[in-house]
Amino acid sequence: MLEYAFVGTRRYYTLLAVLATLAAVGFLVYLKQLSFGLGITGMSRDVSWGFYIAQFTYLVGVAASAVMVVLPYYLHDYKAFGRVTILGEFLAVAAVTMCLLFIIVDLGRPDRLFNLIKYPTPNSVLFWDMIVLNGYLFLNIICGWLVLEAERNQVPPPKWLKPLILLSIPWAPSIHTVTAFLYAGLPGRGYWLTAIMAPRFLSSAFASGPALLILLALLVRRFTQFDPGREQIQTLAKIVTYAILVNVFFFFCELFTVFYSRIPEHMDHFYYLFYGLQGKGWLVPWMWFSIVGMCIAALLMVSPKIRQNETTLALTCGLIIITTYIDKGLGLISGGFVPNPLHQVNEYMPTVPEILITLGVWATGFLILTILYKVAVSVKEEIRA
Amino acid sequence: MGINRRDFLKLAGLLGLGGKAAFELVLPGEVEAAVAKTQAAGTRWALVVDMRKLTDKVAARCIEACHTLHNVPNYLEPPDPKLALSEDLKNRWQIKWIWTDVYEHAFVGFEQDHQWEKLQGMNFLLLCNHCDNPPCVRVCPTQATYRRPDGIVMMDMHRCIGCRFCMAGCPYAARSFNWRDPRPYIPKINPDYPTREIGVVEKCLLCEERLAQGQQPACVEASGGALIFGNLNEENSPVRAALRAHYTIRRKPYLGTNPQVYYIV
């Protein structure tokens, strides 16, 4: 089936070339990071995780959200999603690959990566994260590829695949839960020390992931002969609506506990993010845009008119992707580290090399996504013809 | 229905590995703590800082002694003026094994609107607390940081993968990362102690190399009596005597890490 990846239009090859160039630029800057050290990033003694780990966290959510198309199809026998499960699974493959790459570029000593396996340490959440992420990648590659192959050959997929598909369903929320536990169990970090972190992660994932899938489905329809289907997109839109509403609700639950209890160690991080602390707060406008935008998007999605019009739906989905990205990709990590345990405010801002490496990883992910989608779409086109 | 001893043992054997792993996640450190209790007869190092004797000058001497001995780079005042860094980079890259900070930072949440005036801006000597229940050890994915039976929280800089989970875990900001090659910034390299490479985490190891030779930690030796060091498990040790005779405070004791650096104020 892979042969489909090598025959395409000029536009397909141009896209591949652009993504490959960005990936190559990122790789060259990464070589610089390898020789100089992580000092070329904006990270510091106080904000010791930054942009890389933030992208990782966001993308785990995108990966986990594939379950939102797999579950209705396989557990509820919702036939319509049969057309789009492959898009969800391949999106998950690309997203998990990016997650793993972001972890690697964030390591101070990537040459010692395999110490994770040589000295397995069950009391570290990172150990479990490694297991669930790699497991999820494996499950999605196997399930996605074999189901697609069976579809192409017009035969039912192998019987032994069913248990793996069913396993991938609970596995999806597990990857984002474990990722939340990386943060939610640290005693000195008031912003992260909250039981609602994993639920919040999941709700924002199940909003932003399917929202991205809707945009991808619209793109696929526009640029290929394969139509993922209006009903499918509308069902995804309903999923996004519920998830974003729950996400906003969870955010206000968090705000209530933090501000009604008035415990400074929990409040100060919110003050930093939404008002600035000790005269510093470059994230303030971003955070307000994120939460106000998220609330507006949630209200817009409730309206059937806006949801059913694919143009307004696409715009609202775009808003959801951007606002949840700011919340997780900018606020979560910086907000947790500022103020530091000594109540000093040392802000973090990503540097140009850091952003180039980040873009390189995203480009690599989208390169994989483009190739996988090309294969999937070609198979679907062939079946139709 | 009941279960006989034989079946129970079989089941326990089957659950063995998974059971230990689950236990580790829900009650981290409990297994180790239970083992440590049975070894209570041994040594448990602790440090008492007598703030009545710790002037800024004494504190500077302690820091100097430690950082010179352990090849800690000086990003604030590089040995070669050509290597001078911007304020931003100094702040970001700084490596601290032992350092000072004011009361309001060292004891966040303890400050009062009206308080003993001497506390205002009083500089406390800060270092790794060598916690009994260290979050850094709990989160390390490779056991590159681990707790010795004598209480020292150790670092294996040859195993560390530089994930910096321990830095996120430490509630005292006691850990530093090598954001770049530190060697050009070491004023005078001490050949008897290793220098570090790019990309690993480091911190105070309570001079384990000196303890092995029966010497006191370098900061204690340089403090002229302001720092008291000894074995908590020994009733007549200087630390036990100091803790018996004085009211002492610790940093963030409510987090349950059981820090082992005490302050007489």
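Two residues are in contact when heavy atoms of each lie within 4.5 Å. In this predicted model, residues 24 or more positions apart in chain B account for 64% of that chain's contacts with a separation of 6 or more. Chain B comprises 265 residues, 50% of which count as buried. Its secondary structure consists of 10 helices and 10 strands. The area exposed by chain B is about 12900 Å², and 56% of this area is supplied by carbon and sulfur atoms.

The interface between chain A and chain B was examined next. On the side of chain A, 42 residues are in contact with chain B, where 52 residues take part. About 4100 Å² is buried between the two chains, with carbon and sulfur atoms making up 56% of the buried area. Within chain A, the residues that lose the most area to chain B are R45(A), N123(A) and L342(A); together these three make up 20% of what the chain A side buries.

Polar interactions across the interface were also counted. Between chain A and chain B there are 31 residue pairs in polar contact, both residues of each pair having pLDDT of 80 or more. The number of salt bridges between the two chains is 3. One of the salt bridges joins the side chains of D106(A) and R164(B), with an N to O distance of 2.7 Å. On the side of chain A that touches chain B, two or more residues are given by each of the elements α1, α5 (115–118) and α6 (125–152) of chain A. The most is given by α6(A), with 3 residues.

Helix α1 of chain A, which spans residues 10–36, also contributes to a nonpolar patch on the surface. This patch has an area of about 520 Å² and is made by V18(A), L22(A), V25(A), V352(A), I355(A), L356(A) and L359(A). Both α1 and α14 (352–384) of chain A supply at least two residues of the patch. Helix α14(A) gives the most, with 4 residues.

Among the patch residues, V18(A) was considered individually. V18(A) is located in helix α1 of chain A. The relative accessibility of V18(A) is 46%, so this residue counts as partly exposed; the partly exposed class lies between buried, under 20% relative accessible area, and exposed, over 50%. Helix α1 of chain A thus appears in both settings: α1 gives two or more residues to the side that touches chain B, and α1 supplies at least two residues of the nonpolar patch.

How values were computed
Residues numbered from 1 in each chain as written. Chains lettered and ligands numbered in written order. Predicted model: local features only at pLDDT ≥ 70, side-chain atom pairs only at ≥ 80, totals over all residues. Heavy atoms only, no water. Patch = residues over 30% accessible without salt bridge, like charges linked within 9 Å, V, L, I, M, F, W, Y side chains within 5 Å. Areas by Shrake-Rupley, 256 points an atom, 1.4 Å probe, with all protein chains shown as cover. Salt bridge = Lys/Arg side-chain N within 4 Å of Asp/Glu carboxyl O. Buried < 20%, exposed > 50% of the residue type's maximum accessible area, 1.4 Å probe, protein only. Buried area = accessible area lost by both parts, 1.4 Å probe. Polar contact = N/O pair within 3.5 Å; in protein donor to acceptor, adjacent residues only side chain to side chain.
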